[in-house]
Amino acid sequence: MKAAYYEAQGSARDVLKVGELPTPEPGSDEVRVRIHVSGLNPTDVKARTGFSTDMPYPRIIPHQDGAGVIDAVGANVPPDRLGERVWVYEAQYGRATGTAAEFVVVPARQAVHLPETTSFEVGASLGIPALTAHRCLFSDGSLKGRRVLIHGGAGVVGTAAILLAKWAGAWVSTTVMSSEQATVAEENGADLVIDRKSADVASIVLEATEGLGVDHIVDVALKPNLDINLACLSQGGVISAYATANATDELSNPLLKAMMHGCVFRFVYIYNVPDELKQAAIADINSCLEAGYYSPKIGLNMPLRNVADAHEALESSNVIGKVLVHM
């Protein structure tokens, strides 16, 4: 099969290669998926560059997310899954082989039914962004009638959070950094879009919520946003953080102010979330898909041979929307 891979950590241009590798065979409780589209995430870049760990395997086929069709099944997997359209998540977590290849083998539960009305491009955009957003949003109960603030509403997790929160019946505000990002956030369905470069985020949120603040905050950059979050959080509200700029970052928390808000800090690292919670999230995500609420912006879709360009585009932060690689 044709696959992208690297045998040392480093820059995309230096270490990523595309070539022929053996086609894998599924074992017990596994399926093989013929990948149509592979989704690229910041965690894939961090793994390649050694953000927090060294090379765990001599050779790595990158990318956690993707979408395609099951073409082989192992023992204990119903044969009627052959030919099923699926989206794949965490393909490369704990393994050396991800979705940046024509075929990938994963545990059967990690190949999730993809509704016929959903494209492979959207399917490859789920995985880490949708599961992370769901964990940030729904860990503390229903969102119906709740007020939500999502930082980075044009990012892939921010987009997933807006789409899922609106599907669940929440009022959604979001911050962006440009007019182009604002357009994407508005198209995603956000009720209030705030340009954080030119506006006082907390004042606008408090005015829009009649001084009540927001019940949930989904944050891509908790450290610089902490003061803003505490200023516009409701009593007993939840701040969920899912990313950090550096592996060694630490946070100084103003304890009295946090106590006065009665707030909850939730830190989300999706790979460590228990499987039963992921399965519940997957059910919600597919319900959102089937209801027609999940339509993320695709920012770039490149052929596998240009996988290094795709990685560089994601690292540049110049692409608004999901970066994909197609076979």
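**Figure 1. A network of salt bridges.** Glu7, Lys17 and Arg59 are joined to one another in a network of salt bridges. The structure is a predicted model. A search of the whole structure gives 14 salt bridges, and further examples appear in the figures on individual pairs.

**Figure 2. The whole protein chain.** The chain contains 11 helices and 15 strands. Its radius of gyration is 20 Å, close to the 20 Å that the globule rule gives for 327 residues, so the chain is as compact as a globular protein of that length. The C-alpha trace spans about 60 × 40 × 35 Å along its principal axes. Of the 327 residues, 50% are buried. The accessible surface amounts to about 13,900 Å², and carbon and sulfur atoms account for 51% of that surface. Among contacts with a separation of 6 or more, 72% are between residues 24 or more positions apart.

**Figure 3. The salt bridge between glutamate 315 and arginine 48.** The two side chains meet with an N to O distance of 2.7 Å. The pair links distant parts of the chain, 267 residues apart. Glutamate 315 belongs to helix α11 (residues 307–316), while arginine 48 belongs to helix α2 (residues 42–49). Arginine 48 is buried, and its relative accessible area is 0%. Glutamate 315 is partly exposed, with a relative accessible area of 39%.

**Figure 4. The salt bridge between aspartate 140 and arginine 266.** Here the side chains meet at 3.2 Å, N to O. Aspartate 140 lies in the loop between α4 (127–138) and β8, and arginine 266 lies in strand β13, so the pair ties together parts that are 126 residues apart in sequence. Aspartate 140 has a relative accessible area of 36% and is therefore partly exposed.

**Figure 5. The salt bridge between aspartate 215 and arginine 147.** The closest N and O atoms of this pair are 3.3 Å apart. Aspartate 215 is in strand β11 and arginine 147 in strand β8. The pair links distant parts of the chain, with these positions 68 residues apart in the numbering. With a relative accessibility of 7%, aspartate 215 counts as buried, because buried means under 20%.

**Figure 6. The two faces of helix α8.** Helix α8 covers residues 222–231, and its buried residues are Leu222, Asn225, Leu226, Asn229 and Leu230. Seen down the axis of α8, these buried residues fall within an arc of 140°, so they line one face of the helix. An α-helix has 3.6 residues a turn, so residues three or four places apart point the same way. The face of α8 turned away from the buried side carries Pro224 and Asp227, which are exposed.

**Figure 7. What the buried side of α8 packs against.** The buried residues of α8 pack against several strands and one helix. The strands are β8 (147–151), β11 (214–219), β12 (233–241) and β13 (264–267). The helix is α9.

**Figure 8. A nonpolar patch on the surface.** Leu255, Leu256, Met259 and Met260 form this patch. Together these residues have about 500 Å² of accessible area. Methionine 260 is part of helix α9 (residues 255–261). Its relative accessible area is 59%, so methionine 260 is exposed.

**Figure 9. Leucine 300 and its contacts.** Leucine 300 sits in strand β14 (residues 298–303). This leucine is partly exposed, with a relative accessible area of 23%. Leaving aside neighbours within four places in sequence, leucine 300 is in contact with Ala313, Val319, Lys322, Val323 and Leu324. Alanine 313 is 13 residues away along the chain, and its C-alpha atom is 8.5 Å from that of leucine 300.

**Figure 10. Aspartate 29, a residue with positive phi.** Aspartate 29 has a phi of about 65°, which is positive although the residue is not a glycine. Aspartate 29 is located in the loop between β2 (17–20) and β3 (30–40). The residue is partly exposed, at a relative accessible area of 43%.

**Figure 11. Asparagine 76, in another loop.** Asparagine 76 has a positive phi of about 75° and is not a glycine. The loop that holds asparagine 76 runs between β4 (65–73) and β5 (85–88). Asparagine 76 counts as exposed, with 63% relative accessibility.

Note on methods
Residues numbered from 1 in each chain as written. Predicted model: local features only at pLDDT ≥ 70, side-chain atom pairs only at ≥ 80, totals over all residues. Heavy atoms only, no water. Patch = residues over 30% accessible without salt bridge, like charges linked within 9 Å, V, L, I, M, F, W, Y side chains within 5 Å. Areas by Shrake-Rupley, 256 points an atom, 1.4 Å probe, with all protein chains shown as cover. Salt bridge = Lys/Arg side-chain N within 4 Å of Asp/Glu carboxyl O. Helix = DSSP H or I, 4+ residues; strand = E, 2+ residues; numbered from the N terminus. Buried < 20%, exposed > 50% of the residue type's maximum accessible area, 1.4 Å probe, protein only. Arc of directions from axis to C-beta. Contact = heavy atoms within 4.5 Å. Rg over C-alpha atoms; globule rule 2.2 N^0.38 Å.
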